[in-house]
Amino acid sequence: MSLLNWLTYGQEYMVEVEVRAAHNVVEACARTETIDKVVFTSSATAVLWRDNNSQSLASDLDERHWSDVNFCRKFKLWHALSKTVAEKTAWALAMDRDINMVSINGGLLMEPHLSITHPYLKGAAEMYESGTFVTVDLQFLVDAHICVFEDVSSYGRYLCFNHAITNHEDAIHLARLLTPSAPSPPPSYEEANMIIQQRLSNKKLNKVMVDFESELLLED
């Protein structure tokens with residue numbers, strides 16, 4: 001087996017591992033009578049990857065959309081593939097076992113040890129160009145989990161991010177965080193002034209969080 005084939009096999013194996021883990025966790029929750037709600041942590045990459053020729057570039061993507069597993073496999077987007085298949089597995093089991101479940105589909109987590117090798121970043125240039133490159137701070141991600149867990153009306157999937165990379169300045173800032181020693185060439189006039197239309201919508205989560213915070217203020 002060549003090195004390339006071995007690496008591909010390893011990535012595909014990790015997809016299987018994540019799917020089994022998702023199944024086992026949800027199954028364990030189903031067998032635990034004291035669990036009222038499950039918050040499943042997934043990824044925005046389970047939403048955004050699809051063939052752009054199959055849809056209008058003007059349309060927004062939200063929780064109703066799923067990444068195309070065949071597209072992910074074709075372009076070796078292993079992180080997106082594993083998150084998509086694992087989440088679909090979790091949802092299928094949750095519905096079969098009548099589990100009250102919601103999912104948080106987070107953007108790229110901006111944590112201290114983030115590096116260019118993070119699997120979320122496969123296809124980063126394409127995400128940036130298509131307006132679907134989003135990030136989330138740890139505290140916002142934690143608050144989102146608490147909010148959808150506590151809110152009795154929460155349901156389904158929630159795209160979770162608090163920043164979108166939509167201009168050259170943001171892209172350069174992130175690149176410097178990921179590769180601090182790499183030089184940053186000066187942008188062209190067109191690059192410096194280009195604003196990319198954001199195509200991922202997190203309106204559903206934002207509404208729930210605003211309503212939840214308002215209720216907390218009223219209680220205080």
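# A walk through the model, starting at β2

Select strand β2 and look at its two faces: Met 101, Ser 103 and Asn 105 lie on one side, Val 102, Ile 104 and Gly 106 on the other, and all of them are buried. Keep in mind as you go that this is a predicted model. The two-sided split fits a general pattern: in a regular strand the side chains alternate between the two faces of the sheet. With six of its six residues buried, β2 is largely enclosed by the rest of the structure.

**Next stop: the sheet around β2**

Now add β1 and β5 to the selection. You should have an open sheet of three strands, running β1-β2-β5, with parallel pairing. Which strands stand at the edges? Those are β1 (38-43) and β5 (156-160); each has a single partner strand, so one side of each is left without a neighbour in the sheet. Look along the sheet and you can see the turn from strand to strand: on average, neighbours are at 25 degrees to each other, direction ignored.

Check the two seams one at a time. Between β1 and β2 there are six bridges, in the parallel sense. To find your place on that side, pick Val 39, which stands opposite Val 102 in β2. On the other side, β2 (residues 101-106) and β5 are also parallel, and they pair over five bridges. Here a handy marker is Ser 103, whose bridge partner in β5 is Arg 157. Hold on to Arg 157; the tour comes back to it.

Before leaving the sheet, show helix α6 (residues 138-150). This helix packs on the sheet and touches β1, β2 and β5. Its direction makes about 165 degrees with that of β2.

**From β5 across to α4**

Back to Arg 157, this time with its side chain shown. Which side chain meets Arg 157 in a salt bridge? Glu 87 does, at 2.7 Å from N to O. The pair ties together distant parts of the chain, with Arg 157 in strand β5 and Glu 87 in helix α4, 70 residues apart. Are these two residues buried or exposed? Arg 157 is buried, and so is Glu 87. In general, side chains of opposite charge can pair when their charged atoms come close.

Now select the whole of α4 (residues 78-96). This helix has 19 residues and spans 27 Å from its first C-alpha to its last, close to the 27 Å expected at 1.5 Å a residue.

**Either side of α4: two positive phi values**

As a rule, most residues other than glycine have a negative phi. Two residues flanking this helix are worth a click for that reason.

Go to Lys 76, in the loop between α3 (69-74) and α4. Lys 76 is not a glycine, yet its phi is positive, near 55 degrees. At 36% relative accessibility, this lysine is partly exposed.

Then jump to the other end, where α4 is followed by Asp 98. What is the phi of Asp 98? It is positive, about 55 degrees, although Asp 98 is not a glycine. This residue sits in the loop between α4 and β2, and at 73% relative accessibility Asp 98 counts as exposed.

**A small charged network**

Stay in that loop and pick Arg 97, with Glu 27 alongside. Their side chains meet in a salt bridge of 2.6 Å, N to O. This pair also links distant parts of the chain: Arg 97 is in the loop between α4 and β2, and Glu 27 in helix α1 (residues 3-30), 70 residues apart. Arg 97 is partly exposed, with a relative accessible area of 34%.

Glu 27 has another partner to show, Arg 31, in a salt bridge of 2.8 Å, N to O. Glu 27 is buried at 12% relative accessibility, whereas Arg 31 is exposed at 64%. Through shared partners, Glu 27, Arg 31 and Arg 97 form one network of salt bridges. The structure holds five salt bridges.

**Zooming out**

Finish with the full chain in view. There are nine helices and six strands in it. Of its 220 residues, 43% count as buried. Colour the surface by atom type if you like: the accessible surface is about 13,000 Å², and carbon and sulfur atoms account for 57% of it. Among contacts between residues at least 6 apart in sequence, 76% join residues at least 24 apart.

Methods:
Residues numbered from 1 in each chain as written. Predicted model: local features only at pLDDT ≥ 70, side-chain atom pairs only at ≥ 80, totals over all residues. Heavy atoms only, no water. Pairing = 2+ DSSP bridges. Helix = DSSP H or I, 4+ residues; strand = E, 2+ residues; numbered from the N terminus. Axes fitted to C-alpha atoms, helices over the stretch in contact; angles between N-to-C directions. Contact = heavy atoms within 4.5 Å. Expected span 1.5 Å × (residues − 1). Buried < 20%, exposed > 50% of the residue type's maximum accessible area, 1.4 Å probe, protein only. Areas by Shrake-Rupley, 256 points an atom, 1.4 Å probe, with all protein chains shown as cover. Salt bridge = Lys/Arg side-chain N within 4 Å of Asp/Glu carboxyl O.
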